[in-house]
Amino acid sequence: MDVTLKQGRILDEAADLAILATYAEEALPEAIAGLIEADDYKGTPKQTALIYPRGAVVPRRVLLVGLGKRDELKANTLRQAAAIGVQQAQKLQAASVTIGVHGPMPLDETRAGQAIAEGLALGAYRFLRYRTNLKPEESFAVSSVALLTDEANAATQAGVTQGLAIARGVTLARDLVNTPGGDLTPPDLADAAVALGQRVKVTVTVLDKTQLEEGGFGGILAVGRASKSEPRFIIMEYGTPSADTPTICLVGKGLTFDSGGLSIKPADAMTTMKSDMGGSATVFGTVQAVAELGLPIHLVGLVPSAENMIDGDAYRVGDIIKTLSGKTIEVLNTDAEGRIILADALHYAQQYQPKAIIEFSTLTGAVIIALGAYATGMMGTDQALMDALRQAGEATSERVWQLPLWDEYKEMIKSEIADIKNIGGRPAGSITAGAFLANFVGEYPFVHFDIAATGFEEKPTQAYHMAGGTGVGVRLMVEYLQHYAK
Ligand code: BES
Ligand code: ZN
Ligand code: ZN
């Protein structure tokens, strides 16, 4: 889908579908107003009406999409409206689309352009790789979208360009999450990183099983031991460290399939476990988008990747693992495996002496109970960093909500016979997982995001989401790195 900017008015330009975003309590253009009952369409957020004008109006069809009151406009309303519009265009098999938001723009123009581009690209997203029985309207792709503006506008153009790059990062993350575990093993995930390094200016290094053994990555090796697909550790580096390019480490859980191991999951809980590499997908998507945007930072993406399976050599309940840091973990449940592979990766991150270690993982079912799909769980050791990330979450509508990491929670995971144990019981399950991770970051500012509920949705929570991988965290991180990391 090609998105261009053009000076013009929606009713004067030819298109298979013209999407006219309108504000509540404002008059519709005269040529349209007579064609619709005022009571049927009020322009409230996400409301739509499809009309077939005749005569003076040039486009074949006009889709009205509501934005609510002009002075209350939010970026996410634009993002949703654009998604609703492009989805309607797909249904109608409209190849050429115009989209118009006329009159004074109450938001910053760059942000508005970005939100519209994200809504278009993410709203059009589908995962069709495995469908062989597609109906024409299911696979139809809009070929061109012209965003019509009242005047030539470089800020909007900049926003659109950025939004499309960010959406490509989100799309990469969604594709990785949606790919089944059988087709995305740890070596496959490493190959995806190598391919990323060929597309953008990112240096990719992959450690294979032998190198993990030589290096002492005891956590990744233990969790991955029962799988026919060997574990990997993936390092993606963008930019170089310098006085004015802060180093940020992004860490993502890359569990390509989580059966639970010997502490096996019930059948129903296993159905979505191809998505247990969602944290790594966020890292892939963010690294790609940051490289495309050329942000002035040094970004290191670290992905421990393993498959949690069962065989005669599977790691056992009761086993004690020596991690890369030298700290020992008593395994009391093999299904709490994410924190074990992350222990190695978080320790590894310290060598970069980063300004921040920010980690994403589908870590606990408990966070689904705590927050549902409307917020990502956030825990960390640096309040200023978390405040900035919370703001980035509001700005992108990828909301995050903080849970405490008080000392009492750290007590819950102390072990009698090892340094730490990998479960702390049912209470505060997400927090004890976060407290576990905090043991491996040294003194570096650290934030953990638990995306178990937000990384994969069976029912979309936004118009620009589909059932399946959301790519959550990519837009959040790019926003943070663009606006706050300075
Ligand atoms: N990958 C799961 C967490 C998860 C659950 C992600 C549901 C997405 C949806 C994780 O490895 C896990 O199984 N965690 C256990 C921890 C428990 C054994 C302490 C859980 O949450 O049940
Ligand atoms: Zn698990
Ligand atoms: Zn898991």
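**View 1. The irregular site of the zinc ion (ligand 2) in this predicted model.** Six donor atoms (N, O and S atoms within 2.8 Å of the metal, or 3.2 Å for Na, K and Ca; water is not among the atoms, so sites may look incomplete) subtend angles of 71 to 168° here, which makes the arrangement irregular. Irregular covers anything that is neither tetrahedral (four donors, all angles between 85 and 135 degrees) nor square planar or octahedral (four or six donors respectively, opposite donors over 155 degrees apart and all others between 65 and 115). On the protein side, look for D258 (OD), D335 (O), D335 (OD) and E337 (OE), 2.0 to 2.2 Å from the ion. Along the chain their spacing reads D-x76-D-x1-E.

**View 2. The octahedral site of the zinc ion (ligand 3).** Here the six donor atoms make angles of 76 to 174°. K253 (NZ), D258 (OD), D276 (OD) and E337 (OE) are the protein donors, at 1.9 to 2.4 Å.

**View 3. D258 between the two zinc ions.** D258 bridges ligand 3 and ligand 2, which are 3.2 Å apart.

**View 4. How buried are D335 and E337?** D335 is partly exposed at 22% relative accessible area, while E337, at 1%, is buried. Buried means under 20%, exposed over 50%, and partly exposed in between (1.4 Å probe, protein chains only). D276 is buried too, like E337.

**Notes for all views.** Residues are numbered from 1 along each chain as written, with chains lettered from A and ligands numbered from 1 in written order. Local features need pLDDT of at least 70 and side-chain atom pairs 80 or more, while totals for chains, interfaces and linings use all residues; side-chain values use heavy atoms, leaving out hydrogens and water.
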